[in-house]
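These are my notes from a session with one structure. I wrote them down in the order in which I looked things up.

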Amino acid sequence: MFLGIETSCDETSIAVIDEDYKILSNIVSSQEEIHKEFGGVFPELAARAHIEKILPVFNEAIKVAGITKHDLEAVGVTYGPGLIGSLLVGLSFAKALSYSLSIPFFGINHLEAHLSIPLLTKEKILFPALGLLVSGGHTELFYIERCGAGRSIAKTLDDAAGEAFDKVARLLGLGWPGGPAIEKIAKTGDAKAIRFSIPKVKSKRLDFSFSGLKTAVYYQLKEEGRKEDIAASFQEAVVSHILINTQKAILETGARSIIAGGGVCANNRLREEISFLAKERGLVLYLPEKNLCTDNGAMVCANLLFKIKEGQPASSFDLAPFSRISP
Ligand code: KG4
Ligand code: ZN
């Protein structure tokens, strides 16, 4: 049995999988209630909440999986990128477990974990693949030659897509996290009401930019317009931007499949459009269930087990968390 711990941002999540990548438990404790009054994640409070939640979440993950901690063979933990204080909680917990149970521990990259979800479905992944990661902290495209061998080919030059959803939701006076809130009111809005221009990034053709859209919403709000229409039109512009760049990347790289991941992939409009694109181009699409798009321990387990099956070495106890740049 393999344990995966995720505490990089505002979700305390721990999962257990077996040696066939089957999920036995995947407990997610969200801190939504704590951060919603700030309209975003408050790092110090996030770290404190992880300290409170990590042991109960661990106990529940073990219980739901129907095992004891002595059945664990290895532990994986997100060590970056993310909020340092939050990462430290998971990392310290994983090291303590590893030491006390005499099992190896592996530091797992959060972005790799998001894109490891297809391993859990036991489908054979078709390579080369295009990795599309759209979350609150990242919006990035990867060319993935084979499992474990991916390189970044484009990223956002400013805000991440999820961050743009969160900031625009705040401008519209909606709740946090912004993605689900915008998606909800957009359902009754007219997506063609406002023509937000799709961001064009000239320097590197595949890169993303979302901050201009956010500013456009700010100015739009000063004029007439229903919030529902603004939300729907904004959502449409974000989805189009992601789709256009993904399509370009497919043509450029000759990728045969798309591996999508990250919280924004829970968005129904994006799901519809990416599914349509894959179908139209004859590509295989690996699109996780919505609850596996947002941060969770199961994705950490998936990457952990892959590393073990590959014979990769465990991490050492002096492994430190990292916030942005991979060491
Ligand atoms: O992957 P994730 O859980 O955490 C990070 O690694 O950042 O992504 C969280 C982000 C938030 O910005 C949230 O607003 C966005 O994903 N999100 C959505 C939806 N659900 C979550 N964005 C658009 N539509 C959604 N349904
Ligand atoms: Zn994430």
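Entry 1, a surface patch. I looked for nonpolar side chains on the surface and found a patch formed by Leu-171, Tyr-218, Tyr-219 and Leu-221. Together these residues have about 360 Å² of accessible area. I keep in mind that this is a predicted model. Which helix gives the patch its largest share? Helix H7, residues 211-222, does, with three residues. I checked one of them, Leu-221, which lies in H7. Leu-221 has a relative accessible area of 31%, and a residue counts as buried only under 20% and as exposed only over 50%, so Leu-221 is partly exposed.

Entry 2, the zinc ion. I turned to ligand 2 and asked which protein atoms are the donors of this zinc ion. They are NE2 of His-110, NE2 of His-114 and OD of Asp-295, at 2.0 to 2.1 Å from the ion. Along the chain I read their spacing as H-x3-H-x180-D. His-110 belongs to helix H4 (residues 110-114), whereas Asp-295 sits in the loop between helix H10 (290-293) and helix H11 (297-309). The two are 185 residues apart, and the pair links distant parts of the chain. I then looked at the angles among the four donor atoms of the zinc ion, which run from 92 to 148°, and noted the site as irregular.

Are these two linked donors buried or exposed? His-110 has a relative accessible area of 5% and is buried. Asp-295 is at 13%, and the limit for buried is under 20%, so Asp-295 counts as buried too.

Entry 3, strand S2. I went to the strand at residues 11-17 and asked how many of its residues are buried. Seven of the seven are, so S2 is largely enclosed by the rest of the structure. I checked the faces separately. One side carries Glu-11, Ser-13, Ala-15 and Ile-17, the other Thr-12, Ile-14 and Val-16, and all are buried.

Entry 4, the partners of S2. Strand S1, residues 2-6, pairs with S2 in the antiparallel sense over five bridges. Leu-3 has Val-16 in S2 as its bridge partner. I noted S1 and S2 as a hairpin with four residues between them. S2 also runs antiparallel to strand S3 (residues 23-30), joined to it by seven bridges. Here Ser-13 has Val-28 in S3 as its bridge partner. S2 and S3 form a hairpin as well, with five residues between them. In that turn I marked Tyr-21 for its positive phi of about 65°.

Key. Residues numbered from 1 in each chain as written. Chains lettered and ligands numbered in written order. Predicted model: local features only at pLDDT ≥ 70, side-chain atom pairs only at ≥ 80, totals over all residues. Heavy atoms only, no water. Buried < 20%, exposed > 50% of the residue type's maximum accessible area, 1.4 Å probe, protein only. Pairing = 2+ DSSP bridges. Donors = N, O, S within 2.8 Å, 3.2 Å for Na, K, Ca; no water. Tetrahedral: all angles 85-135°; square planar, octahedral: opposite > 155°, others 65-115°. Patch = residues over 30% accessible without salt bridge, like charges linked within 9 Å, V, L, I, M, F, W, Y side chains within 5 Å. Areas by Shrake-Rupley, 256 points an atom, 1.4 Å probe, with all protein chains shown as cover. Salt bridge = Lys/Arg side-chain N within 4 Å of Asp/Glu carboxyl O.
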